[in-house]
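Here is a quick tour of a protein chain for you to follow along with. Have a look at the model first, and then we can walk through its overall build, its surface and its cysteines.

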Amino acid sequence: MGVYAAQIIQTPLLASAAVKAGEKWMTTKEIEWVSVMEMPVENFVREREFVLTTGIGCRGDVDLLEQFVRDVIESGASMLGIATGRHVFDLPDRIIQLAEENQFILLDIPWDIRFGDIISTVIEEINSGKKDERQLTEEIRQDFLNNVLHDGDLQDIAEAVHRYISLPTMITEYDGTMRAYYHVEDSTLEAVEQKAWNRPESYEIDQMLGAYSEHRLHPHIYVYDVDGARWCRILVNTNHRKQGFLWFRLEPLQELTWFMMNVLEHAVTSCALFFVKENAVEMTEIRLKDNFILQLAKQKNEETQLMRSKGELLGYDLNLPYLCIVGEIRLKEETEDFPSFVSDNPPTSSLQNTNYYIQKEIHNAARFLSKKVMATFDEDEVIIFLETDHHLYTETANQFLDAVDRRLYEMLTEVELSWGIASKREQDNGFHESYREAKTALDIGMRQHGSGRRTFYNDTRINRVLLAISDNADIEQIVRETVEPLAAYDKKRQTDLIETFMAYNKYNGNVSQTARALHLHRQSLMYRLRNIESLTNISLVDADDVFLLELAIRLWQLRDMKSPGAE
């Protein structure tokens with residue numbers, strides 16, 4: 001952070017000094033310090049320094065003077081002032097040419113101008129420049145913040161960056177989605193969205209950014225070659241969450257300055273504030289939608305018109321025909337709920353990371369089918385209301401779930417998804433009833449088939465009848481007395497008498513068909529059937545006994561009844 005060479009050369013003290021080389025770069029070469037140096041240079045000169053010398057160490061030798069000038073140039077200094085009239089009288093043409101070739105400013109200073117006065121003047125200019133720059137930087141910071149606080153957007157930030165430091169600018173989300181840009185070619189925008197970039201060599205990056213390693217923004221800047229140009233990318237972070245990137249491009253031979261770094265830092269801060277503000281609005285909207293969908297599903301809403309009005313405010317049209325789908329997600333090899341659901345967010349929130357991906361694929365599948373959808377989460381339960389056609393609701397549900405399952409199984413390979421699908425909604429406000437049907441279908445399907453299956457409510461009629469009668473205490477006792485002996489025998493002997501009976505009954509008592517289906521020898525099957533009759537005191541040739549045993553087994557399987565000996 002300093003002043004430009006032109007500001008120093010134009011001071012009254014140096015009015016009689018003559019610029020011998022580098023005049024065209026006086027407005028771009030920055031001066032950060034001033035020093036007096038005689039031979040040898042070695043490593044005593046730093047970058048962006050104004051070096052003063054009398055040339056006394058050269059002893060009138062032009063070759064030594066040329067080497068001295070070359071060493072100062074190679075040190076990275078911005079300007080060299082040589083006092084002429086005592087040890088050096090004229091600056092040779094070859095030294096002037098050397099300075100021109102290296103875009104270096106060479107100043108001829110009359111001998112009567114004291115170096116102490118020059119140093120004092122330069123330091124005053126640098127301090128004055130720093131004060132003005134700090135004031136300007138603060139004004140720019142306020143402008144960035146006011147822009148965000150007064151409903152500005154990322155496009156305004158990109159334009160402000162270009163306005164203050166004249167750098168082409170882009171702002172993307174963390175996944176590469178373009179959010180704003182200014183003074184950027186279409187081919188560059190396409191390359192960034194496709195992540196078509198390369199990292200340059202480390203030494204090239206150091207040459208570009210090494211001088212600013214002490215700036216707090218430096219660790220967050222990454223350099224890429226994009227579409228034939230060199231771009232820098234700064235990470236935008238909020239609350240340890242990676243939100244996006246601010247991109248800027250330097251022109252060939254253009255150097256970063258501390259002022260540029262400070263402006264970019266304020267721009268990144270403004271981007272972070274914008275993302276926080278945007279996230280807060282989005283989170284509020286998501287919570288409102290979550291609560292609304294849960295109210296539709298879990299409560300009987302008599303005020304139909306009121307719910308429709310609320311739905312319209314949230315972007316939902318409740319006049320459309322909807323079908324409820326309830327899902328449960330579990331680990332394939334474990335029975336506990338999918339652990340990603342346990343997070344800092346409430347269990348009913350759609351903001352959890354895993355829930356976010358599920359929600360995203362639900363909406364993608366609905367968009368693919370050109371259907372409206374409402375979705376939320378309640379603990380480990382996914383609740384979906386999908387727009388459907390009255391006559392094609394089964395096909396629509398299957399197509400929708402095919403798309404959701406395919407994508408989720410690709411991303412979440414360790415999980416299984418189970419779904420319960422309601423019948424078509426007959427009433428205008430039948431959301432609660434539709435949810436109840438989908439939930440019932442899911443529960444029955446999980447009990448009967450385990451996880452990873454789809455169950456339609458219309459396919460659960462027999463199971464619903466069984467559930468309705470299973471709560472009777474007398475029936476429960478009959479079921480236990482009938483099935484427990486078979487279950488205990490199966491556990492002890494590692495057999496499957498229950499499955500043997502169900503297959504035997506499926507084939508209407510045909511021994512040959514049953515044996516083939518179970519891959520058993522005929523005599524082995526007969527042995528099992530005799531055991532079944534012995535353990536249950538039931539005759540398999542008596543139709544009433546067969547019906548009783550089948551009913552008891554179905555109720556046993558449905559209610560997950562376990563005998564004490566099986567636990």
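The notes below go from the overall fold to the surface and then to the cysteines.

This is a predicted model, so please read every value here as computed from it. The chain holds 18 helices and 18 strands. With a radius of gyration of 40 Å, the chain is more spread out than a compact globule, because the globule rule gives 24 Å for 567 residues.

**Overall build**
- The C-alpha trace spans about 130 × 60 × 40 Å along the principal axes of the chain.
- Of the contacts with a separation of 6 or more, 65% join residues that are 24 or more positions apart.
- Among the 567 residues of the chain, 46% are buried.

**Surface and charge**
- About 29,900 Å² of the chain is exposed, and 47% of this area comes from carbon and sulfur atoms.
- The side chains include 60 positive and 93 negative ones.
- The centres of these two charge sets lie 6 Å apart.

**Cysteines**
- How many disulfides does a search of the whole structure find? The search returns 0.
- Cys-58 has a relative accessible area of 2%, so this residue counts as buried, the cut-off being under 20%.
- Cys-324 is also buried, because its relative accessibility is 0%.

Conventions. Residues are numbered from 1 along each chain as its sequence is written. This is a predicted model: local features need pLDDT of at least 70, side-chain atom pairs count only at pLDDT 80 or more; totals for chains, interfaces and linings use all residues. Side-chain values use heavy atoms; hydrogens and water are left out. A disulfide is a pair of cysteine sulfur atoms within 2.5 Å. Buried means under 20% relative accessible area, exposed over 50%, partly exposed in between (1.4 Å probe, protein chains only). Helices (H or I, at least four residues) and strands (E, at least two) are DSSP runs, numbered from the N terminus. The radius of gyration is taken over C-alpha atoms; the globule rule is 2.2 Å times the number of residues to the power 0.38. Contact means heavy atoms within 4.5 Å. Accessible areas come from the Shrake-Rupley method with a 1.4 Å probe; for residues, only the protein chains shown count as cover. Lys and Arg count as positive and Asp and Glu as negative; His and the chain ends are not counted. The place of a charge is taken as NZ of Lys, CZ of Arg, CG of Asp or CD of Glu.
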